[in-house]
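Below are some points for your reading of the model, arranged as numbered paragraphs. Please keep the coordinates open while going through them.

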Amino acid sequence: MERRTIFGQRLLPVVLVAPQFLLTLIFFLWPACQAIWSSLTRQDPFGLHSQFAGLDNFVELFTDPLYRASIGRTVFFMAAVSALSMSLALFLAVFADREIRGRTIYRTLLIWPYAIAPAMAAVLWIVLLQPQVGILGAWLSRHGIAWDYHLNDAQAMLMIVLACAWKQVSYNFIFFLAGLQSIPRTVLEAARMDGARGWHRFRTITFPLLAPTSFFLLVVNLVYAAFDTFGTIQALTQGGPGKATETLVVKVYRDGVVNLDIGSSSAQSVVLMIGVIGLTALQFRFLGRRQLT
Amino acid sequence: MAHAGHCDDRGGTASNGLTGTGAGFMDWSSHCKRTVTVASYARSTNQPGKLLMKRRTLLAATVAAPFVAVEGSLGQSSKIQVVWWHAMTGANADEINRLARAFNESQSEAEVQPIFKGGYADTLTAAIAAWRADQAPHLVQIFEVGTGSMLAAGPATKQVWQLAKETGVDLDPAIYIPGVRGYYSLADGRLASRPFNSSTAVMWYNKDAFGAAGLDPEKAPATWSELIAAAQAIKGKIGTPAMGAVKFPVTSSWMIWVQLEQYSAIHDLPYATKANGFEGLDAELKFNGPQQVKQWDRLLGMAKQGLYEYGGRDTVPDALFYSGQAAIGFGSSAGRGDIVRNSKFKWAEALLPIDPEVNAHPINSIIGGASLWTMTTKQRTEAEYKAVAQFLKFIATPEQDAHFHQTTGYVPVTFAGYEKSKADGYYEKQPGTDVPIKQLARGTVTANSRGLRLGRLAEIRNILYEETEKALQGQQSGKQALDNGVSRGDRVLREFQKSVGG
């Protein structure tokens with residue numbers, strides 16, 4: 001069913017759309033164009049000397065083995081965060097979907113982490129995992145496990161994956177829960193009558209019916225892991241040790257804001273922008289088509 | 001929840017029943033667009049550190065920040081307003097505010113407004129962004145490694161000699177201690193920025209732990225071999241009741257600054273060609289010399305034997321010392337305030353240990369800290385510059401300099417401030433507080449001990465941290481770490497040279 005509001009004249013809709021359009025123009029499109037322009041120049045931090053550099057910045061990026069390593073690291077990180085947060089959220093949602101006492105409270109509590117600012121979430125994880133003073137970290141150290149994410153690539157990666165996935169569980173949980181609730185009870189009843197139970201019913205009925213939700217969440221999670229985890233990573237590891245947790249977005253910040261290499265940082269932003277456009281196109285294409293049928 | 005928009009039906013089946021939660025496509029698309037704007041965002045607002053702010057905050061900040069910082073105060077009084085951005089926190093920030101208050105009370109024409117701008121790197125970025133938007137503060141505190149970038153900033157700054165000439169206010173460079181002055185001067189001796197909070201690297205040690213290990217608490221290890229012997233003695237006693245909280249023999253804050261830059265300076269080893277960059281933008285890094293490699297291998301070896309705890313970058317290991325977990329801690333002399341406030345044991349401040357076989361007559365260490373740069377905008381008036389010059393003159397008076405030195409742990413930057421502290425009896429009352437000054441004044445300044453003037457030095461330090469962290473995990477040797485540091489760092493220097501048109 002399609003609902004459509006009909007405006008009698010042209011002016012009103014234009015006026016209504018204008019604020020959002022202006023905001024988008026000033027805060028997104030204009031800076032984006034500037035980023036594209038900057039990516040084609042070489043300039044000093046103060047902008048005193050600016051020379052057109054063509055695609056030099058991009059050539060330097062892709063010939064830099066450190067940048068290529070950062071791409072690989074980011075892909076791994078995105079996959080790990082999405083897999084962990086989605087599976088955990090689905091697990092929790094399946095249980096919260098049952099008739100249990102106080103489930104409203106239970107559901108509300110699960111949504112809390114989403115409201116925590118990234119830097120605060122990072123501090124919580126530091127309190128847990130810091131090798132000397134962290135509750136869990138100190139416990140591990142005492143029991144002979146050499147836990148020190150300041151100096152262990154794998155442990156640092158594990159830590160940021162845990163922290164970032166944990167933060168996204170709530171979001172995924174809401175969607176999975178809604179997805180589960182929108183599955184017609186009659187279908188499930190019918191399956192039950194046919195003798196499908198437990199895991200089998202989940203695998204053959206529930207999970208396929210959740211597919212659109214899952215796909216939507218997958219894209220959202222990938223985008224989240226790629227871009228919105230900056231605050232958490234910066235507060236936890238600043239990209240270290242070495243470059244072990246330097247994802248693309250952390251590198252953009254490092255090169256642009258700390259190292260003031262505007263040209264290269266802009267080029268990296270443009271590369272990221274292309275990535276996002278790709279993901280968005282994918283999302284619209286698949287979900288859009290699904291809705292038409 | 002900080003969502004930018006509400007749910008759109010295009011969310012498909014996923015959004016069933018969820019229109020009220022505020023989660024959905026708009027939120028998601030704002031994630032995407034935010035990433036695009038990094039570089040230009042750094043220019044268009046004054047808070048580039050908070051890169052991924054939610055959109056609403058971003059909007060508010062962009063609109064409000066420049067006005068709050070520069071124009072917000074104009075209406076309040078007819079006095080000339082001088083905006084001063086700084087990067088100090090805690091006790092040091094209190095002292096900044098006190099300086100401004102003292103100046104404001106000392107005369108009636110101008111008013112200095114100190115504004116905290118975040119850490120050193122944030123403050124530098126904010127100043128650059130502000131200048132590009134023609135909203136630069138009058139004065140900004142820039143850390144010593146940002147000096148190279150600021151010197152290349154041309155019309156964005158008004159160097160001290162220029163300010164003195166234009167305003168007629170006497171800002172004599174000769175009042176400053178040479179080791180401090182040299183760092184912020186041009187090759188011909190003209191002063192570029194006003195020396196402000198200057199510290200140097202020192203060694204702190206826990207006297208109680210020394211006693212427990214059977215070492216003489218009154219005698220700090222003077223050489224690296226004595227230091228290793230002391231560390232081994234301490235390690236042997238870790239876990240005994242007398243040793244208390246001590247878990248590590250040695251740690252170091254600012255590992256690159258203390259263990260490589262300062263080590264090179266006091267042993268008169270070159271860090272880069274062209275007199276460590278003072279004589280040209282085409283300097284090349286030299287810190288992978290055999291003596292520096294030996295120093296790095298020694299630290300890596302100590303880490304392996306459990307004598308040296310890395311702890312983290314920059315100031316992170318500070319807490320390991322003052323919490324009593326590390327018996328010996330290297331760090332900035334400006335860390336004194338924190339140690340006084342937090343430590344529950346007897347401690348002392350000592351000179352950096354030396355390698356007599358590398359250089360039996362060690363010379364001066366170099367300074368860290370920051371200086372004050374005068375910045376320009378198109379509409380800035382002569383009267384404003386004059387007020388800035390008068391403020392710079394005011395804080396260099398012996399009373400203000402001595403007060404700043406005695407409350408913060410930074411060294412006095414003027415001779416008169418040092419003499420006044422001596423006359424006050426400060427060094428008798430607080431033994432050890434003259435260690436940094438003695439170390440800075442030791443021997444004759446050479447091309448290797450004048451300081452470092454390299455563009456994007458902060459980035460080179462980070463590269464060295466990265467390479468060293470790899471070496472500490474056993475992925476490469478000390479030599480490889482320093483070699484990689486040189487080759488990656490040289491690339492950064494060439495990039496900087498190209499970008500400033502050198």
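In what order do the five strands of the open sheet in chain B run?

1. The model is a predicted one, and within chain B the strands of this open sheet follow the order S8-S7-S9-S6-S10, with mixed pairing. Strand S8 (308-309) and strand S10 (347-350) of chain B stand at the edges, and because each has a single partner strand, one side of each is left without a neighbour in the sheet.

2. At the S10 edge, strand S6 (residues 201-206) of chain B pairs with S10(B) in the antiparallel sense, the pairing running over four bridges. Within this pairing, B:Met203 has B:Ala350 of S10(B) as its bridge partner. The sheet also carries a helix: H10 (residues 224-237) of chain B packs on it and touches strand S7 (248-252) and strand S9 (326-332) of chain B, while the direction of this helix makes about 130° with that of S7(B).

3. As for the domains, chain B is divided into domain 1, which takes in 75-199 + 367-424, and domain 2, which takes in 201-365 + 450-499. Their C-alpha centres lie 29 Å apart, and 19 residues of domain 1 of chain B are in contact with 19 residues of domain 2 of chain B. On the side of domain 1 of chain B that touches domain 2 of chain B, helix H6 (147-151), helix H8 (178-183) and strand S11 (368-375) of chain B each supply at least two residues. By class, the residues on that side of domain 1 of chain B divide into nine nonpolar, 10 polar and no charged.

4. A helix pair in chain B deserves its own entry, namely helix H13 (residues 290-304) and helix H22 (residues 478-499), whose axes come within 8 Å and cross at roughly 125°. This angle makes H13(B) oblique to H22(B), and H13(B) passes H22(B) in a right-handed crossing. The contact is made by B:Gln292, B:Val293, B:Trp296, B:Asp297 and B:Leu300 on the H13(B) side, and by B:Gly478, B:Lys479, B:Ala481 and B:Leu482 on the H22(B) side. Sorted by class, the residues of the contact of H13(B) with H22(B) are five nonpolar, two polar and two charged.

5. Turning to chain A, helix H3 (residues 65-96) and helix H10 (residues 211-228) of that chain pack at an angle of about 130°, with their axes 9 Å apart. That angle makes H3(A) oblique to H10(A), and the crossing in which H3(A) passes H10(A) is right-handed. From H3(A), the residues A:Thr74, A:Phe77, A:Met78, A:Val81, A:Ser82, A:Ser85 and A:Met86 meet A:Leu217, A:Leu218, A:Asn221, A:Leu222, A:Ala225 and A:Ala226 of H10(A). The residues of this contact of H3(A) with H10(A) divide into nine nonpolar, four polar and no charged.

6. Another chain A pair is formed by helix H5 (residues 118-129) and helix H7 (residues 153-181), which pack at an angle of about 130° with their axes 10 Å apart. H5(A) is thereby oblique to H7(A), and H5(A) passes H7(A) in a right-handed crossing. Here A:Ala121, A:Ala122, A:Trp125 and A:Leu129 in H5(A) meet A:Met159, A:Ala163 and A:Lys167 in H7(A). By class, the contact of H5(A) with H7(A) has six nonpolar, no polar and one charged residues.

7. Which residues of chain A are joined by a cis peptide bond? The bond in question joins A:Gly240 and A:Pro241, with an omega of about -5°. As to its setting, A:Pro241 lies in the loop between helix H11 (230-236) and helix H12 (248-258) of chain A.

8. A further backbone point concerns B:Ala275, which has a positive phi of about 50° although it is not a glycine. The place of B:Ala275 is in helix H12 (residues 273-276) of chain B.

Key
Residues numbered from 1 in each chain as written. Chains lettered and ligands numbered in written order. Predicted model: local features only at pLDDT ≥ 70, side-chain atom pairs only at ≥ 80, totals over all residues. Axes fitted to C-alpha atoms, helices over the stretch in contact; angles between N-to-C directions. Parallel < 35°, antiparallel > 145°, perpendicular 65-115°, else oblique. Left-handed = near helix turned anticlockwise from the far one by under 90°. Contact = placed C-beta atoms within 7 Å. Nonpolar A, V, L, I, M, F, W, Y, C, P; charged D, E, K, R; others polar. Pairing = 2+ DSSP bridges. Domains from an automatic or database assignment.
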